[in-house]
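Here is a short set of exercises to work through with the model open beside you. Try each task before reading its solution.

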Amino acid sequence: MSKRYHESWDSVFQPLFEQPMMRTLSQFVQQERQRANVFPPEDLVFNAFRLTPLPEVKVVILGQDPYHNIGQAHGLSFSVPVGVAIPPSLKNIYTELVDDIPGFKYPQSGDLTKWAEQGVLLLNATLTVRAHEAASHQKKGWEQFTDSVIQSISQQCAGVVFILWGSYAIKKSALIDQTKHLILTSVHPSPLSVYRGFFGSKPFSQTNVYLAQQGKQPIDWQV
């Protein structure tokens, strides 16, 4: 796979890239690109790791799958490029931010690059998807790769906030050393579950309180 990520991830990625599982996954994704539209574009698959160097990770927000409609996915969980309609889950995230962070103004854009540049790793468990077919690249090897990433962050960093929304993400708690990090969980912000405990969960203010306690610069959540 092309090297389109910050060099600080080399120590994590290189041993993984040498595994048969990753070679098989790479072949699968390349074959998929030959026969169908695959998102995000090849040069953005590792966008989260390009924008957020390993030593600078303060927060991990875990999604499940890239968006699968044209123009949406750009390698950051929950984020879409400037000019693309804000997806329902992100609308709900913004609604919670308005309630949670004093002075937060509801954004016009769904592009969360600014978060990534401040140390928020916007990680999907699966990094590619076939157009218009949700979950089509699950259980092909990506989960093993991203599980290893989560474990490496847990081992190599200190005082990271892991924000896990929904039962799928919450299961990843088993990969994280809870004596070194803060794990915040709630239901997923999707319209199907948002009223069952996402609204009012205040993950963003809790994150900033914890980061300040760790002597780290809090996140400016305004997009």
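**Exercise 1. An unusual peptide bond**

In which loop is the place of Pro 40? Then inspect the peptide bond that joins Phe 39 and Pro 40.

Solution. Keep in mind that this is a predicted model. Start with location: Pro 40 sits in the loop between β1 (38-39) and α3 (47-51). Next, read omega for the bond between Phe 39 and Pro 40: the value is about -5 degrees, and the bond is cis. As background, most peptide bonds are trans.

**Exercise 2. Backbone angles in one loop**

Look up phi for His 132 and for Ala 135, and place each residue in the fold.

Solution. His 132 belongs to the loop between β4 and α6, and its phi is near 65 degrees. Ala 135 lies in the loop between β4 and α6, with phi near 70 degrees. The sign deserves a remark, because most residues other than glycine have a negative phi. For Ala 135, finish with accessibility: the relative value is 33%, so Ala 135 counts as partly exposed.

**Exercise 3. The open sheet**

Work out the strand order of the open sheet formed by four strands, then find its edges.

Solution. The order is β3-β2-β5-β6, and the pairing is parallel. At the edges are β3 (120-124) and β6 (182-186), each of which pairs on one side only. Neighbouring strands are turned by 20 degrees against each other on average, direction ignored. Now zoom in on one pair: β2 (residues 59-63) and β5 (residues 161-165) are joined by four bridges. Ile 61 has Ile 163 of β5 as its bridge partner. Finally, add a helix to the view: α8 (residues 203-213) lies across β2, β5 and β6, and it runs at about 165 degrees to β5.

**Exercise 4. From the end of a strand into a loop**

Are Asn 124 and Ala 125 buried or exposed? List some of their contacts as well.

Solution. Take Asn 124 to begin with; this residue is in strand β3. The cut-off for buried is under 20% relative accessible area, and Asn 124 counts as buried because its relative accessibility is 8%. Beyond its neighbours within four places in sequence, the contacts of Asn 124 include Leu 62, Asp 65, Leu 76 and Thr 146.

Ala 125 is in the loop between β3 and β4 (129-130). Its relative accessibility is 0%, so Ala 125 counts as buried. Leaving out residues up to four places away in sequence, Ala 125 touches Trp 142, Glu 143 and Tyr 168, among others. Gly 63 is also in contact with Ala 125: the two are 62 residues apart in sequence, yet their C-alpha atoms are 6.2 Å apart in space.

**Exercise 5. A helix pair and the core**

Describe how α1 and α6 pack, then trace Phe 145 into the nonpolar core.

Solution. Helix α1 (residues 10-17) packs against helix α6 (residues 142-156) at an angle of about 145 degrees, with the axes 10 Å apart. The crossing is right-handed. On the α1 side, the contact is made by Ser 11, Val 12, Phe 13, Leu 16 and Phe 17, while α6 supplies Phe 145, Ser 148, Val 149, Ser 152 and Gln 156. Sorted by class, this contact has six nonpolar, four polar and no charged residues.

Now follow Phe 145. Residues up to four places away in sequence aside, Phe 145 touches Phe 13, Leu 16 and Phe 17, and also Met 21, Met 22, Phe 46, Phe 49 and Leu 127. The largest nonpolar core has 65 residues, and Phe 145 is among those with the most contacts inside it, together with Trp 9, Phe 49 and Ile 153.

Technical notes
Residues are numbered from 1 along each chain as its sequence is written. This is a predicted model: local features need pLDDT of at least 70, side-chain atom pairs count only at pLDDT 80 or more; totals for chains, interfaces and linings use all residues. Side-chain values use heavy atoms; hydrogens and water are left out. A nonpolar core is a set of buried Ala, Val, Leu, Ile, Met, Phe, Trp, Tyr and Cys residues joined through side-chain atoms within 4.5 Å. Buried means under 20% relative accessible area, exposed over 50%, partly exposed in between (1.4 Å probe, protein chains only). Contact means heavy atoms within 4.5 Å. Axes are lines fitted to C-alpha atoms, for helices over the stretch in contact, and angles run from 0 to 180 degrees between N-to-C directions. Helices (H or I, at least four residues) and strands (E, at least two) are DSSP runs, numbered from the N terminus. A crossing is left-handed if the near helix is turned anticlockwise from the far one by less than a right angle, and right-handed if clockwise. Ala, Val, Leu, Ile, Met, Phe, Trp, Tyr, Cys and Pro count as nonpolar, Asp, Glu, Lys and Arg as charged, and the others, Gly among them, as polar. Two strands pair if DSSP finds at least two bridges between them.
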